Structure formats: C-alpha cells, structure tokens
Amino acid sequence: MAQVEFSNVTIRYPGADKPSVSNLNLTIDDGEFLVLVGPSGCGKSTTLRALAGLENIESGTVSIGGEDVTHTDPKDRDIAMVFQTYALYPHYSVKKNLAFPLKLAKENSTVIDSKIDKAAQLLGLIEYLQRKPKDLSGGQRQRVAMGRAIVRTPQVFLMDEPLSNLDAKLRVQTRTQLADLQHRLGTTTVYVTHDQVEAMTMGDRVAILKDGELMQVATPAELYDRPANAFVAGFIGSPAMNLLAATHPDHGAVTVGIRPEHTRLVVAGHPVEPHELGVAAHIDVVEELGSATFVYAHRTDDPQVMVTCRLSGQPSPAPEQTVTLALDMRRAHFFDAENGQRIE
C-alpha cells in the first residue's frame, strides 16, 4: 500500500495546442479508493496512464509511496493495471492466466499456488480455475483480470473503465463486489470511469476533471451537497441539477442550482410557498420509473431553459401541459455567473 501524489503535473501530447492535463495537484491516501471521473476528453485516462508510466509528463512530479517515479519505467513502479478489455490469454485456463504475471516475476511454484488460491477465494473463482476464458461470462472474465492484478500484490491498483463492457445488471453487481474487495484488500486504488453514478457509489473520494483541470475532489456526499462550481453541480446527480440564471442582491448575476428532488409540481388550487420560487413550465417528457417519476419541462418565458422535477407519491402529469413548478429556495445553490464558482 502507498500514498500517490501528483504535484503540478502537466501532460501535453506532441503537437497539441493545449495540455491534456494542466497543473494537476492531487494526493491519494494510502489505502484509498479514488475515482477519476469527467466527460470524454477531460484527461482522466491520461492521468491514470501517466501514473502507470505510459504517458510522458511535461512538468511536475508523480510519486508513489513517497518515491518520485516521474521517470521510472512502468515495470518498476509496483503497480497493477486492469483495463476495459479483459486481455486474457484464450488458450490458457483461468489458473494459468492468474499464474502468468507470477511466472514472469520468477516466483516459485509454492508461492504461485498460494497466491492463486487466495485470489480465487476472494473473487469466487475456485470452481472456474480449469476453465478457459471462452467458457466464462463477462463478469467472470473481468474477475479473472482482477485476479491477475491481485496476485501481484502491488502498491497501487489502476483501473481504466474495467466494467464498461458488462451489461447494465452485471455492471451494478460487479461494481459492488469490486468496491467491497478493494476495502478488504486495503490497496490504494485509482479508478477511471465516465459514469458519475459508478463514481459516486464506489469511491471513498471522487476527483472530477474538465478539460484537463481538476474541478473538485471530495467525498460523494460533499460533491452532491456542496459542489464547488456550476460544472460539478450539473455533472453530479441523475437527472442533473437545474441551473437557472438569476440576480442575487449581494452579488449581482448568479446561477441558481436546484436539484430535481427539491422541485415539486404545484397542484391546482394550492399556492406556491413563501420559501419557493414558482416557475411556469411546459411539460415535454414524463418518465415513469416506478419508485419515482421525472418530469422534464422548459420555461414558458424561455424555451431554452430546461427544468426537471422528481415526483414521488404524486399523480403523474401528461406531456404538453403548462404547469407551475415550485423550486425550494432553502435548498438552493448559488454560483457566480462569470466564473461558475460557488457563492456561500
């Protein structure tokens, strides 16, 4: 186990006008599960690859366990990487796939058998050790790929969207198992995903990147309750936070953020409460999800501004209606209209 630290790291691809990652400062604690998340092209995989030694760093330093590894070869960094593709040897059994990195490291057969047995027990692979990858499900193959990383007992696990090839149900099941496994192993883990729900459910902390810059790093609860800027506010949460232009007495032009669950549909004959902001809206789409209903609408006075409302235990309206949506201003977030930063 080891602490990982990026200090003023900038990464630029040859010929690029601007860096893929710019002046990144990020410390990942010993034993922590940190998730890197952000939209496509934000620099999250580039950051992971730089930690692995697969990308050159223009400036700054990367350290693992207090040791500067900025210019250290990947094989000497004591890390293990799990990729989006399983990258298993099809002609090898599960046991031989697990043994492969240990044989490369010239471990003796007794140590190899012991490590394989331990990893297989952790991952529920004991009964599959003699099978070949073609005889396994997608989830089982990914567990074998994980096992191949585990047997190496590295200082740091690096995972680049390892669940993206799984179907939706298996993905949910596997991410739960993976998070539980990491906490039992206690190995420092850096995990890349584009799925913010995956990030919020798995990470001890989540680092959000945009255009190569770190927007915020915090616990999932803090990201949701106190986003540092309008980008984080709109990125975290499904459906996304409502962001509306407004004027604040003490600040001038601001962006007001209200989450869909703090927005309600005003029933005819019932007033908007004093702590609420009433917005006239035209309903575009109604999504019935069983436990909740999401109403997607646009403001009647500005069709470009969308407002989402989460209903629970309330009759669902029909599309194409004009209604009043009430936004609970006690739960509002305020952001500077120019730089997007949070206003306390």
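Start by selecting Pro-239, which sits in the loop between α8 (230–235) and β11 (242–248). Keep in mind as you go that this is a predicted model. Look at the bond just before the ring: Ser-238 and Pro-239 are joined by a cis peptide bond, with omega at about 0 degrees. Most peptide bonds are trans, which makes this a good place to open the tour.

**Zoom out**

Now show the whole chain as a cartoon. The protein has eight helices and 19 strands, and its C-alpha trace spans about 80 × 45 × 35 Å along the principal axes. Of its 344 residues, 47% count as buried. If you draw contacts with a separation of 6 or more, 63% of them link residues 24 or more positions apart.

Switch to a surface view next. About 16,600 Å² is exposed, and carbon and sulfur atoms supply 49% of that area. Colour by charge and you will find 33 positive and 42 negative charges, whose mean positions are 10 Å apart.

**Select residues 4–236**

An unreviewed UniProt entry places the feature "domain: ABC transporter" on residues 4–236. Colour that span on its own: 36% of it is helix and 24% is strand. Put a distance label on the C-alpha atoms at its two ends, and the viewer should give 25 Å.

**Select α1, residues 44–52**

Stay inside that span and pick out helix α1. Is α1 mostly covered or mostly open? It is mostly covered, with seven of its nine residues buried. Show the side chains of Lys-44, Thr-46, Thr-47, Leu-48, Ala-50, Leu-51 and Ala-52, which are the buried ones. Step just past the helix to Gly-53, where phi is positive at about 90 degrees.

**Select α2, then Lys-106**

Move on to α2 (94–104). Its buried residues are Val-94, Asn-97, Leu-98, Ala-99, Pro-101 and Leu-102. An α-helix has 3.6 residues a turn, so residues three or four places apart point the same way. Looking down the axis of α2, try following Val-94, Asn-97 and Pro-101, which are among its buried residues. What do the buried residues of α2 pack against? Bring up α3 and α4 (138–150), since these are the packing partners.

Just after α2 comes Lys-106, in the loop that leads to α3 (109–123). Lys-106 has a positive phi of about 60 degrees although it is not a glycine. Most residues other than glycine have a negative phi. The side chain is easy to spot from outside: Lys-106 is exposed because its relative accessible area is 73%, over the 50% cut-off.

**Select the β16–β17 loop**

Now travel along the chain to the loop between β16 (302–311) and β17 (322–328), and click on Ala-318. Ala-318 counts as partly exposed because its relative accessibility is 39%, between the 20% and 50% limits. Which residues does Ala-318 touch beyond its neighbours within four places in sequence? Show Ile-283 and Val-286, the contacts on that list. The C-alpha atoms of Ala-318 and Val-286 are 7.1 Å apart, although 32 residues separate the pair along the chain.

Glu-320 lies in this loop between β16 and β17 too. Phi of Glu-320 is near 75 degrees, a positive value in a residue other than glycine. Glu-320 is exposed, with 57% relative accessibility.

**Select Met-306**

Step back into strand β16 and find Met-306. At 42% relative accessibility, Met-306 is partly exposed. Show its surroundings as sticks: leaving out neighbours within four places in sequence, Met-306 contacts Asn-242, Leu-244, Asp-284, Ala-297 and His-298. For a sense of scale, draw a line from Met-306 to Ser-22. These two residues are 284 apart in sequence, and their C-alpha atoms are 32 Å apart in space.

**Last stop: the cysteines**

Finish by selecting Cys-42 and Cys-309. Are these side chains buried or exposed? Cys-42 is buried because its relative accessibility is 1%, under the 20% cut-off. Cys-309 is buried as well, with a relative accessible area of 0%. How many disulfides does the structure hold? The count is zero.

Conventions. Residues numbered from 1 in each chain as written. Predicted model: local features only at pLDDT ≥ 70, side-chain atom pairs only at ≥ 80, totals over all residues. Heavy atoms only, no water. Helix = DSSP H or I, 4+ residues; strand = E, 2+ residues; numbered from the N terminus. Buried < 20%, exposed > 50% of the residue type's maximum accessible area, 1.4 Å probe, protein only. Contact = heavy atoms within 4.5 Å. Areas by Shrake-Rupley, 256 points an atom, 1.4 Å probe, with all protein chains shown as cover. Lys, Arg positive; Asp, Glu negative; His and termini not counted. Charge placed at Lys NZ, Arg CZ, Asp CG, Glu CD. Disulfide = S-S within 2.5 Å. UniProt positions renumbered as here; feature names shortened; annotations may be inferred.
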